[in-house]
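Here are some short exercises to work through with the structure open beside you. Try each task on your own before you read the solution.

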Amino acid sequence: MTAELGTAPQRGSPRLAPHPRTRRRRRVVWLALLTLAVVAVLGAWLALSLLGAAREVRQEAGAARSQLGRAAKALRGGDEATARRAVTAARADLARARVAADRTPVRVAGRLPLLSTPVADLDHLLAAGGILVDTAEQAIAVEARVRGDALFRGGRIDLALAAATARDAKTLLAGVDRARAELGRVRAGPLSPGAAAARDATLRQLDQVEDQARPVMALLDAVPGAAGADGSRTYLVAVMNPAETKAWGGSPLAVALVRFDRGAVSVLQRGQVGVQRLSFGIRINFLPGDPWHTPREPSSFTLSGLSPNFPTSAEELLRAYQVLTRIRPDGVIALDPVAMAGVLKVAGPVTTPGYGKVTYRNLVQGLLVDSYRRFPDSNLRHAYNEALMDAVLGRLLGGGGDMLRQVRTLGEAARGRHLQLYFRDPALQRAAVAHGLGGELSPAPQDYLAVYTQNINASKVDVYQRRAIEQRVWLRADGSAHVVRTIRLVNATPGAPTADRRGYLTNWAMHRFITYLPGRAAKVAVKADGTTATWEPFRELNRQVVRFILPMRPGQARTVTVAYDLPGAAVRTGTGLRYRLAADAQPIVQPTSFRLVVAPPKGFGAEPPAGWSARPGALTTTVQLTGDADLALELRRAA
């Protein structure tokens with residue numbers, strides 16, 4: 001018994017059973033592992049499904065954006081049918097993208113904490129895309145009304161249609177804002193590959209839609225008030241002659257009085273200034289604050305507006321016209337032959353006595369150069385000019401063409417100040433200024449440049465004027481600068497000098513030379529052809545003005561140099577300095593060549609931006625001043 005008690009259990013004898021608690025733990029572990037495996041597989045399935053759907057959505061959305069780009073291009077070219085087909089194709093692309101985003105795995109993933117954000121990104125991108133397609137469709141409808149002759153034909157503007165189209169344009173722009181709000185909610189995290197690129201591409205297309213729609217809406221908003229929806233409006237249409245320059249354009253040698261009454265357009269008076277008995281000497285209550293006149297000095301209609309700031313000169317023209325005619329117009333529409341050529345570019349050529357067939361290509365040359373040679377008799381020339389201007393104004397004021405294209409062409413002319421508008425109604429004037437049609441001097445918080453010539457001998461040779469400007473700026477570390485402005489003027493009129501230095505037939509150019517400087521400019525020094533000039537200083541709109549008489553015989557070149565010091569020419573930034581120059585253009589026939597050279601202070605440098613070049617110690621850009629310019633240069637402090 002003892003021996004048996006001390007021996008080990010024999011092989012094959014039964015083992016002790018695991019404790020029940022141990023068995024439960026094992027089952028829990030196995031269940032947990034199984035659950036994790038299932039979750040991992042499910043998560044992988046959801047993630048892969050989400051990535052696949054996102055890839056498909058990006059492809060379809062990208063195709064939709066391409067179609068919308070095609071639609072925008074077609075719309076700019078006036079191809080409404082192609083634009084509509086492209087928008088329809090974009091809507092189909094987005095519908096396929098929506099189907100991919102609505103798959104069950106994607107919707108399930110949208111309820112999970114980790115995957116809900118990329119799903120929300122898809123939803124916001126698709127919502128924005130849908131709104132963009134809707135706005136593109138609305139844009140086609142709006143442009144279709146404005147592009148054709150539905151709004152303006154037979155000398156009448158359809159004010160009811162204009163108001164309805166304006167409402168549609170505002171709805172379109174509200175859609176753009178809603179789409180931007182959707183895109184603003186896109187998080188574009190690491191689990192949303194491509195979301196940021198898709199968001200940015202959609203934002204760019206929204207910008208394009210807005211850029212096309214806003215000018216149309218501005219036009220439609222202004223039409224009822226300007227076209228006499230609430231009562232008759234009369235406007236003085238002044239045809240500027242840049243062969244006889246004024247600072248704001250050209251001498252107004254021909255005018256028309258136009259009435260808009262509840263959308264109907266009629267021409268009340270028209271013709272040369274002399275024919276309309278507007279050339280008499282008068283006295284005017286000049287606009288307070290106009291530095292170009294002294295109170296109650298003798299004047300005339302053509303001499304009333306001398307300021308390059310068109311709202312000032314236009315108001316003086318209206319006051320002179322009112323003294324001479326007892327008629328009080330509501331505004332001025334000033335255009336020159338360059339703008340008239342723009343009208344014919346859209347409306348087509350005209351045929352008039354003397355000139356024959358006139359197109360946008362030969363109008364400027366024929367009216368400003370050839371007419372004085374072909375028609376030496378001034379009465380005959382005036383008659384032919386009046387017939388030509390009647391024909392062009394008839395095309396402009398009669399409607400019946402592509403209104404939108406005409407507006408855009410005239411907008412291009414306005415950028416060069418070849419078309420300028422002034423309204424006595426403050427709301428209409430604000431709209432004109434806001435859209436670059438007002439001809440006012442540009443804001444100039446830092447450096448400022450403007451150069452003008454004012455014809456004082458009634459010659460017609462300014463069409464031959466050639467002008468080149470170079471401005472050199474030596475910046476200092478505190479933001480101040482020393483500036484040297486060099487202006488070269490050439491009277492390229494052909495022929496030997498005439499005995500008479502005044503009138504139609506002279507080839508002498510007699511100018512009042514004018515240049516505007518920043519109001520803070522100090523130590524101003526002026527030279528003409530290297531000799532110190534005697535100049536008449538005054539100020540306008542917080543700018544200093546230099547002016548003096550500068551005669552030029554035919555073929556002669558004159559050089560004017562203006563030097564000044566300018567505090568605050570550049571402002572401090574987080575990384576260095578920013579120099580900025582506002583340059584205003586005079587609407588002359590031959591565009592001004594302008595070269596700007598900026599020398600950074602010691603310890604500063606810059607990568608030349610687009611349009612600029614670098615050379616030792618300076619950065620340079622050269623532009624044609626076909627319109628006003630705003631030039632800026634960022635300078636970085638060296639490390």
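**Exercise 1. A cavity and its lining**

Task: Find which element gives the largest share of the lining of the second largest cavity, then describe that cavity.

Solution. Keep in mind that you're looking at a predicted model.

Step 1: Go through the lining element by element. Helix α2 comes out on top, with 6 residues, the largest share. At least two lining residues each come from α2, α5 and α7.

Step 2: Look towards the centre. There are 15 lining residues, and the closest to the centre are Ala61, Arg65, Leu125, Gly129 and Thr202.

Step 3: Sort the lining by class. You should get 10 nonpolar, 3 polar and 2 charged residues.

Step 4: Add the volume, which is about 150 Å³.

**Exercise 2. The largest cavity**

Task: Work out how many cavities of 30 Å³ or more there are, and say what lines the largest one.

Solution. Step 1: The count is 7 cavities of 30 Å³ or more. The largest has a volume of about 220 Å³.

Step 2: Its lining has 19 residues, with Leu75, Ala136, Ala139, Val209 and Gln212 closest to the centre.

Step 3: Now trace the elements. Two or more lining residues come from each of α2 (20–76), α5 (116–147), α6 (159–184) and α7 (195–226).

Step 4: By class, this lining splits into 14 nonpolar, 4 polar and 1 charged residues.

**Exercise 3. Two residues, two settings**

Task: Decide whether serine 251 is buried or exposed, then do a similar check on alanine 444.

Solution. Step 1: Place serine 251 first. You'll find it in strand β4 (residues 249–261).

Step 2: Use the cut-off: buried means under 20% relative accessible area. Serine 251 has 2%, so it's buried.

Step 3: List its partners, skipping neighbours within four places in sequence. Serine 251 touches Val239, Met240, Asn241, Glu244, Lys246 and Thr302.

Step 4: Move on to alanine 444, in the loop between α14 (426–434) and β12 (447–455). Its relative accessible area is 27%, so alanine 444 counts as partly exposed.

Step 5: Skip the neighbours within four places again, and alanine 444 is in contact with Arg543 and Ala582. Alanine 444 and arginine 543 are 99 residues apart along the chain, yet their C-alpha atoms are separated by 9.0 Å.

**Exercise 4. A helix check**

Task: Compare the reach of helix α13 with the expected span, and find what covers its buried residues.

Solution. Step 1: Helix α13 (residues 403–415) has 13 residues, and from first C-alpha to last it reaches 19 Å. That's close to the 18 Å expected at 1.5 Å a residue.

Step 2: Pick out the buried residues of α13: Met403, Leu404, Gln406, Thr409, Leu410, Ala413 and Ala414.

Step 3: See what lies over them. The cover includes α5, β1 (152–153), α7, α10 (337–347), α12 (378–398) and β11 (419–423).

Step 4: Look just past the helix. Arginine 417 follows α13, and its phi is positive, near 65°.

**Exercise 5. Reading a sheet**

Task: Name the edge strands of the sheet of 8 strands.

Solution. Step 1: Write down the order, β17-β16-β20-β14-β13-β23-β26-β25, for this open sheet with mixed pairing.

Step 2: Check the ends. β17 (531–532) and β25 (612–615) each pair on one side only, which makes them the edge strands.

Step 3: Zoom in on β13 (residues 465–475) and β23 (residues 592–599), which pair in the parallel sense over 7 bridges. Here tryptophan 474 stands opposite alanine 599 in β23.

Terms used:
Residues are numbered from 1 along each chain as its sequence is written. This is a predicted model: local features need pLDDT of at least 70, side-chain atom pairs count only at pLDDT 80 or more; totals for chains, interfaces and linings use all residues. Side-chain values use heavy atoms; hydrogens and water are left out. Helices (H or I, at least four residues) and strands (E, at least two) are DSSP runs, numbered from the N terminus. Buried means under 20% relative accessible area, exposed over 50%, partly exposed in between (1.4 Å probe, protein chains only). Contact means heavy atoms within 4.5 Å. Two strands pair if DSSP finds at least two bridges between them. On a 1 Å grid over the protein atoms alone, a cavity is a set of points where a 1.4 Å probe fits but cannot get out, and a pocket is an open set with protein on both sides within 12 Å along at least five of seven lines; lining residues have an atom within 4 Å of a point. Grid points are joined across faces, edges and corners, and a volume is the space filled by probe spheres set on the points. Ala, Val, Leu, Ile, Met, Phe, Trp, Tyr, Cys and Pro count as nonpolar, Asp, Glu, Lys and Arg as charged, and the others, Gly among them, as polar. The expected span of a helix is 1.5 Å times one less than its number of residues.
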